[in-house]
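Trainee: I should like to go through the terms applied to this model and ask what justifies each of them.

Mentor: Please proceed; each term will be set against its criterion.

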Amino acid sequence: MTGRQAWGLFWLLVAAVIAWLVFAVWPDWLNAILISKKAFVSAILNGITLAGLYFLVASGFTLIFGLMRNVNLAHGSLYLLGAYIGYEVTSRTGYWLLGVFAGFVVLALVGVVMQVFVFRRLEGDDLRQTLVSIGISIVAADLMLAVWAGGTYQITTPEWLDGALTLPVITAVRSNGASVFLTYPLYRVVVLAAAIVIGVGLWLMLNKTRVGMMIRAGVDDRAMLSASGVNVHAVFAIVFAVGAGLAGFAGVVGGSALSVAPGEDVRYLLASLVVVIVGGMGSITGAAIGALLIGLAEQIGLVYFPTYGIVLTFVIMVVTLAVRPQGIMGKAR
Amino acid sequence: MSLTIPADSAAPQKNWLEKLGAGHIILAVVLVLYPLVASDFFLTQIGGYSLIFGMLGLSLMLLAGYGGMVSLAQITVAGIAAYAIAILGNNNSNILGFGWPWWLAVPFAVLTAALASALIGWISVRTEGIYTIMITLAIATATYYFAQQNYAIFNGHSGYAGIRAPAFWGVNWRDPRPFYYLCLGLAVLSYAAVLYGSRSTFGMTLQAIRDNPRRMRALGYHVTAHKVFAWLLAGVIAGLAGVLLVWFNGRVSPGTIGVDAAIDVLIIAVIGGLRHPIGPFLGAVVVVLMQTFAIDIVGAERFNTLIGMVFLVIVFVSPDGILGLWGRIKPQFAQESLRSGS
């Protein structure tokens with residue numbers, strides 16, 4: 001048996017165990033170890049849907065970095081601003097979709113403005129770009145505090161998103177023999193679906209379109225791309241708009257699932273950082289893998305060892321760095 | 001990163017007074033005499049606080065200026081020393097507090113901080129430039145959240161309170177004047193050590209590694225070991241600053257090591273300038289003065305906006321901070337200070 005086959009067998013076994021864990025009715029001893037099947041499956045589902053949200057934020061972050069070598073540490077601020085704008089638009093017009101749309105568009109514009117007026121002037125100067133983006137995030141956090149104060153907001157989702165989904169997963173069997181099926185909030189499933197659609201869309205855009213070709217060429221050799229007649233600045237502005245817009249979009253979507261409050265900017269900045277460090281800079285697939293790992297670690301940690309959940313995330317990051325400093329899908333530099 | 005420092009010109013033998021330089025002597029006299037004119041408020045809240053944050057900035061300057069590694073985890077290292085003091089010494093939070101005497105607790109706290117710093121360095125030295133910033137930021141944030149959630153060691157959200165600076169040799173080091181001199185003494189010690197260290201073989205090697213790691217590796221230097229050792233040294237300075245910080249505040253909580261504080265340290269070092277060890281202290285004075293008095297200028301709420309704006313302007317105008325600005329205004333002076341300083 002070759003090593004490849006051995007790994008294949010291993011992953012098949014893992015998949016079988018997970019499938020059994022999800023679909024089988026648990027014996028009592030397993031319930032005793034893992035609290036309850038409901039808690040376990042919910043943690044997994046929460047992890048996956050949270051990963052969807054993390055992916056939305058981190059994909060913008062990694063996209064911007066991938067092309068422009070521009071670490072935008074104000075990315076968390078973009079998320080929070082998007083959330084606030086989504087809240088304002090939704091609560092004033094009553095249309096949630098309009099709020100989501102506004103979150104994307106406004107933040108895309110903000111992104112273009114930042115790119116043109118700030119980062120374009122500091123091209124190729126990593127450290128200053130980082131410092132400037134930190135400065136922007138400080139000012140932005142303070143100004144957002146001035147406008148929206150320190151309270152917590154919740155973006156109301158429309159009724160058609162509010163229900164719960166009954167999944168074909170049996171959590172327990174009642175004494176009369178009837179099965180209890182797991183119900184799960186529809187909204188979170190929709191978030192996950194949106195993340196998957198956007199992820200696939202981004203992947204297609206990067207790998208199958210002309211713009212994507214330019215972006216990938218820009219990642220590898222910016223000067224050559226420019227020399228071959230492409231308006232690099234325009235490409236940069238587009239990428240920044242998409243990346244920032246995704247952060248704003250994620251802000252509205254995330255603010256509807258969780259809540260909007262000061263401090264969320266740092267939380268999502270950290271999430272994006274860890275996700276792209278683990279997944280590999282500039283890779284959409286890496287962002288998806290990283291988001292999945294971190295989302296699952298966070299939620300499973302929350303259920304089984306609440307205090308050390310954050311440490312689990314951290315351990316994943318350190319182990320990844322120790323084995324592959326460039327991240328799981330990152331290119332060796 | 002463009003933090004190159006011109007090489008020392010072969011200076012003729014000077015006596016120690018000349019070696020010290022007029023600038024240093026004037027500065028030392030001013031700092032020693034400062035308590036004669038300053039009120040208690042200016043002595044601790046401005047003087048002591050600036051010196052503590054200057055030391056934190058200095059530990060970052062050591063890594064960034066000489067090693068080319070920009071760290072956002074210096075406040076984390078300081079926080080580890082601060083927590084160690086709270087846990088090993090006395091606190092009134094009714095949790096842990098082993099009651100060790102200061103002469104045992106302080107070295108232990110600084111050692112713990114230095115080892116933690118070396119560990120952070122060991123994790124992050126495999127990466128370069130921007131990656132180091134991101135990884136140290138991730139480490140700092142993770143530590144913050146961990147401290148906030150952990151009640152067994154860190155006492156969660158509330159942290160530790162009621163930590164007092166020791167009284168020995170008949171001096172209560174908590175009083176404004178002794179505390180100021182304590183801060184000044186340790187700051188000068190760290191400053192001199194960094195200045196001396198930067199001219200030592202190790203310092204030179206570190207700077208060479210910053211400029212061309214590949215060549216140094218080819219020459220047979222253990223690049224990783226040198227960088228991790230620099231982290232260890234920076235950890236000692238940050239640890240000392242952490243001990244002073246916990247004595248200054250009398251308490252330590254997750255807020256002390258939060259992201260805001262981590263960024264404050266970076267702002268201080270960058271505003272001051274990373275070319276010379278005096279930079280972080282300059283930056284600390286400016287930032288502490290701004291934090292204290294911006295409230296009077298822009299109202300109680302928006303002083304972060306002001307500080308952020310000043311930071312942005314300085315980064316935009318002069319990548320080398322106040323030292324760089326000064327260098328532009330007075331080119332000759334800058335030449336002199338670089339020659340005598342680097």
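Mentor: A residue counts as buried under 20% relative accessible area, as exposed over 50%, and as partly exposed in between. Please bear in mind that this is a predicted model.

Trainee: Why is B:Asp211 called partly exposed?

Mentor: The relative accessible area of B:Asp211 is 46%. Partly exposed is the class between 20% and 50%, so B:Asp211 belongs there.

Trainee: What makes B:Arg210 buried?

Mentor: B:Arg210 has a relative accessible area of 15%, and the limit for buried is under 20%.

Trainee: How do you know that B:Arg210 and B:Asp211 form a salt bridge?

Mentor: The N to O distance between their side chains is 2.9 Å, and the criterion asks for a Lys or Arg nitrogen within 4 Å of a carboxyl oxygen of Asp or Glu. The pair therefore qualifies.

Trainee: How many salt bridges are found over all chains?

Mentor: The search of the whole structure gives 2. A:Glu88 and A:Arg92 also form one, with their closest N and O atoms 2.9 Å apart.

Trainee: Why are A:Glu88 and A:Arg92 said to be separated by about one helical turn?

Mentor: Because they are 4 residues apart in helix α4 of chain A. A:Arg92 is exposed, since its relative accessible area of 69% is over the 50% limit.

Trainee: Why is α11(A) described as largely enclosed by the rest of the structure?

Mentor: Of its 16 residues, 14 are buried, so the description holds. Its span also agrees with expectation: at 1.5 Å a residue α11(A) should cover 22 Å, and its end C-alpha atoms are 22 Å apart. After α11(A) comes A:Gly280, with a positive phi near 110°.

Trainee: What makes α10(B) mostly covered?

Mentor: In α10(B), 20 of the 27 residues are buried. This helix, residues 223–249 of chain B, reaches 38 Å between its first and last C-alpha, close to the expected 39 Å. Just after α10(B), B:Gly250 has a positive phi of about 75°.

Trainee: Which helix gives the largest share of the lining of the second largest pocket?

Mentor: That share, 7 residues, comes from α6(A). Among the other helices supplying at least two lining residues are α11 of chain A and α10 of chain B. The pocket has a volume of about 1200 Å³, and its 45 lining residues divide into 26 nonpolar, 13 polar and 6 charged.

Technical notes
Residues are numbered from 1 along each chain as its sequence is written. Chains are lettered from A and ligands numbered from 1 in the order in which they are written. This is a predicted model: local features need pLDDT of at least 70, side-chain atom pairs count only at pLDDT 80 or more; totals for chains, interfaces and linings use all residues. Side-chain values use heavy atoms; hydrogens and water are left out. The expected span of a helix is 1.5 Å times one less than its number of residues. Buried means under 20% relative accessible area, exposed over 50%, partly exposed in between (1.4 Å probe, protein chains only). On a 1 Å grid over the protein atoms alone, a cavity is a set of points where a 1.4 Å probe fits but cannot get out, and a pocket is an open set with protein on both sides within 12 Å along at least five of seven lines; lining residues have an atom within 4 Å of a point. Grid points are joined across faces, edges and corners, and a volume is the space filled by probe spheres set on the points. Ala, Val, Leu, Ile, Met, Phe, Trp, Tyr, Cys and Pro count as nonpolar, Asp, Glu, Lys and Arg as charged, and the others, Gly among them, as polar.
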